[in-house]
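Please look through the sequence and the model below before reading on. The report that follows takes up a few parts of the structure in turn.

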Amino acid sequence: MSSVLRPPSSGQDPLLAARYRPISSHLAITPPVSVVIPAMNEAENLPYVFKSLPDWIHEVVLVDGNSTDGTVDVARSLRPGVKVVAQQGRGKGDALITGFEACTGDIIVMVDADGSADGGEIVSYVSALVSGADFAKGSRFANGGGTDDMTLVRRLGNWALCTVVNRKFGARYTDLCYGYNAFWRHCLDKIDLDCTGFEVETLMNIRVVKAGLKVQEIPSHEYLRIHGTSNLRAVRDGLRVLRVILKERSNRRELRRQERRSPLLDTVRGEVS
């Protein structure tokens, strides 16, 4: 893909060179990268999260869910150029959708604000995208990944739900319920996100497959939340994820029925007969 470029040499046009963003010693890119961080009362964790972000990213979009602990002030002190967006609704899905709409980059990266994700891994996600993938999906269970923050119940639940999605939608995922992902901005037009809760990650994973987008899994290590308590509830959120899977499966069947009953097919059949 033309987005993969060698770092410019000193003899090149300085205006052209300014467009390049070196992301490693052997790779430079031109697409601007936006990082979306949904946060609610994560002031203590933001120093760790922001410190891990690469300095070559284009912008950080912090979606604040009505924090009362100074999250916004901390974010602005750490990164004066941060774009802060106030969340009007509720839920992680709503926060992410709000953040995506505010992004100006060609590539969008989703990162949690609890310190569980290593921002240094973003280079692997972006490298996959500029090399041809549409959607770079983090996986704690791909070779090289791992997790410090998953109980046996959550692990089994994730495996079961992942197995269902693979069988019902023809995916080949090793991880389903993980929020560290990256994608080209144009993918949003094809997956049309419309849910507000933690299940948004599963919905994205299903719809990129249904849309025929090229997905590449990226090994990722999930660390323990540094401060605070997670709002995740294994049983409650697991049931919400299951409902999303069943709904998307039902919608897929209905779409097939509509395709069979399309006027164009009826016209063709009439001409043939």
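## A pair of strands

In this predicted model, A136 stands opposite A182, a residue that belongs to strand β10. The two strands concerned are β8, which covers residues 135-139, and β10, which covers residues 181-184; they run antiparallel and are joined by 3 bridges.

## The sheet around them

Strands β8 and β10 belong to an open sheet of 7 strands, whose order is β6-β5-β4-β7-β10-β8-β11 and whose pairing is mixed. At the edges stand β6 (83-86) and β11 (215-219), and because each of these has a single partner strand, one side of each is left without a neighbour in the sheet. If direction is ignored, neighbouring strands of this sheet are turned against each other by 20 degrees on average.

## Helices on the sheet

Helix α3, made of residues 71-78, packs on the sheet and touches β4 (33-39), β5 (59-64) and β6, while its direction makes about 170 degrees with that of β5. Helix α8, made of residues 200-210, also packs on the sheet, where it touches β7 (107-110), β8, β10 and β11. The direction of helix α8 makes about 130 degrees with that of β8.

## Two residues with a positive phi

Most residues other than glycine have a negative phi. Against this background, N41 deserves a careful look, since N41 is not a glycine and yet has a positive phi of about 60 degrees. N41 lies in the loop that runs between β4 and α2 (46-52), and with a relative accessible area of 35% it is partly exposed, because this value falls between the limits of 20% for buried and 50% for exposed residues.

D192, which is not a glycine either, has a positive phi of about 45 degrees. Its place is in the loop between α7 (188-191) and α8, the latter being the helix that packs on the sheet. Is D192 buried or exposed? With a relative accessible area of 55%, D192 is exposed, because exposed means over 50%.

## A nonpolar patch on the surface

Which residues form a nonpolar patch on the surface? They are L239, L242 and L246, which together have about 260 Å² of accessible area. One of them, L246, is found in helix α9, which covers residues 234-260. L246 has a relative accessibility of 53% and therefore counts as exposed, as the cut-off for that word is over 50%.

Notes. Residues are numbered from 1 along each chain as its sequence is written. This is a predicted model: local features need pLDDT of at least 70, side-chain atom pairs count only at pLDDT 80 or more; totals for chains, interfaces and linings use all residues. Side-chain values use heavy atoms; hydrogens and water are left out. Two strands pair if DSSP finds at least two bridges between them. Helices (H or I, at least four residues) and strands (E, at least two) are DSSP runs, numbered from the N terminus. Axes are lines fitted to C-alpha atoms, for helices over the stretch in contact, and angles run from 0 to 180 degrees between N-to-C directions. Contact means heavy atoms within 4.5 Å. Buried means under 20% relative accessible area, exposed over 50%, partly exposed in between (1.4 Å probe, protein chains only). Patches are made of residues with over 30% relative accessible area and no salt bridge: like charges are joined within 9 Å, nonpolar side chains (Val, Leu, Ile, Met, Phe, Trp, Tyr) within 5 Å. Accessible areas come from the Shrake-Rupley method with a 1.4 Å probe; for residues, only the protein chains shown count as cover. A salt bridge is a side-chain nitrogen of Lys or Arg within 4 Å of a carboxyl oxygen of Asp or Glu.
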